[in-house]
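Biologist: I've got the fold up on my screen and would like to talk through its hollows and one helix pair. Can you take me through them?

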Amino acid sequence: MRITTRTLSYTTADGLTLQSYLCLPEEAPNELSGVLVAPEWWGLSDHAKHAAERLAEAGYAALAMDLYGEARLTDEAAQANEWMMEALSDSAVLTERTHLAQQALASVQQISPLSTAAIGFCFGGKVVLDMARRGADLKAVVSFHGNLSPAVPALEGVVKAELLVEHAGQDSMVSMADLAAFEQEMNAAKVRYHVDIFDAKHGFTNPQATHNGEKNGVDLAYNEEAAAQSWQNMLNLLERVL
């Protein structure tokens, strides 16, 4: 399916311009379901943009979110960590930036604001899971090799989305103990969720992961098979709930 892409800009209350990447099927029906895409800690990368493009090819309106402002991007782990910690330092920051992204996506003419999902990779996985924990109006949330620790733990009756966690069994940054704590949190809050575990390392969906890991001395690796299967698992969920 042919797609169109453009930058969708919007501004935070303190004047920071966010430049997200919107992808739409070229021959869009009147009402499209929307999918927000939260990138890894590197910023608004080709990986996140490509995910949005693939979602548009599958028939969704997709917005790869700029979470740092000015579409900032780096391949230096120290810089990425600094930006990420800055964004995480005050929970109101990401709450506002993701809410603005959701509003911006819903305002696109062809989109049904009632049918929206969010997916995220690594840091972005945490971002979208925390959106769900806050009770964001989402039908589905998918985390790929995401940080599972909560900004605020899920409470019964608050989470509206069905959750899918695509976890790397060899992830040295998000351990199986972290996964067990996440499952305990979700069970206590009676959240609908499913977990898939892959024989893979952190970053397994990103073709640049192995290079980025070697460059920065970080334990990352791309895994083509796990990337393909986890993407299909996500498409199956979106097809069912959107």
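**Pockets, a cavity and a helix pair**

Modeller: Keep in mind that this is a predicted model. Let's start with the second largest pocket: 23 residues line it, and Asn147, Leu148, Met173, Val174 and His202 lie nearest its centre. Two or more lining residues come from each of α2 (77-88), α5 (176-188) and α6 (209-216).

Biologist: Which element gives the largest share of that lining?

Modeller: That's α5, with four residues. By class, the lining of this pocket has 13 nonpolar, seven polar and three charged residues.

Biologist: And what makes the space lined by Pro39, Glu40 and Phe123, among others, a cavity?

Modeller: A 1.4 Å probe fits in a cavity but cannot get out, whereas a pocket is open. The largest cavity holds about 30 Å³ of space, and the count comes to one cavity of 30 Å³ or more. Its lining also includes Met65, Asp66 and Tyr68.

Biologist: How do you get two charged residues in that lining?

Modeller: Asp and Glu count as charged, and the lining includes Glu40 and Asp66. The other classes there are six nonpolar and one polar.

Biologist: Now the helices. Why is α3 called roughly perpendicular to α4?

Modeller: The axes of α3 (residues 91-106) and α4 (residues 123-133) cross at roughly 80 degrees. Angles of 65 to 115 degrees count as roughly perpendicular, so α3 is roughly perpendicular to α4. Leu94, Thr98 and Gln102 of α3 meet Phe123, Val127 and Met131 of α4.

Note on methods
Residues are numbered from 1 along each chain as its sequence is written. This is a predicted model: local features need pLDDT of at least 70, side-chain atom pairs count only at pLDDT 80 or more; totals for chains, interfaces and linings use all residues. Side-chain values use heavy atoms; hydrogens and water are left out. Axes are lines fitted to C-alpha atoms, for helices over the stretch in contact, and angles run from 0 to 180 degrees between N-to-C directions. Angles under 35 degrees count as roughly parallel, over 145 as roughly antiparallel, 65 to 115 as roughly perpendicular and the rest as oblique. Contact means heavy atoms within 4.5 Å. On a 1 Å grid over the protein atoms alone, a cavity is a set of points where a 1.4 Å probe fits but cannot get out, and a pocket is an open set with protein on both sides within 12 Å along at least five of seven lines; lining residues have an atom within 4 Å of a point. Grid points are joined across faces, edges and corners, and a volume is the space filled by probe spheres set on the points.
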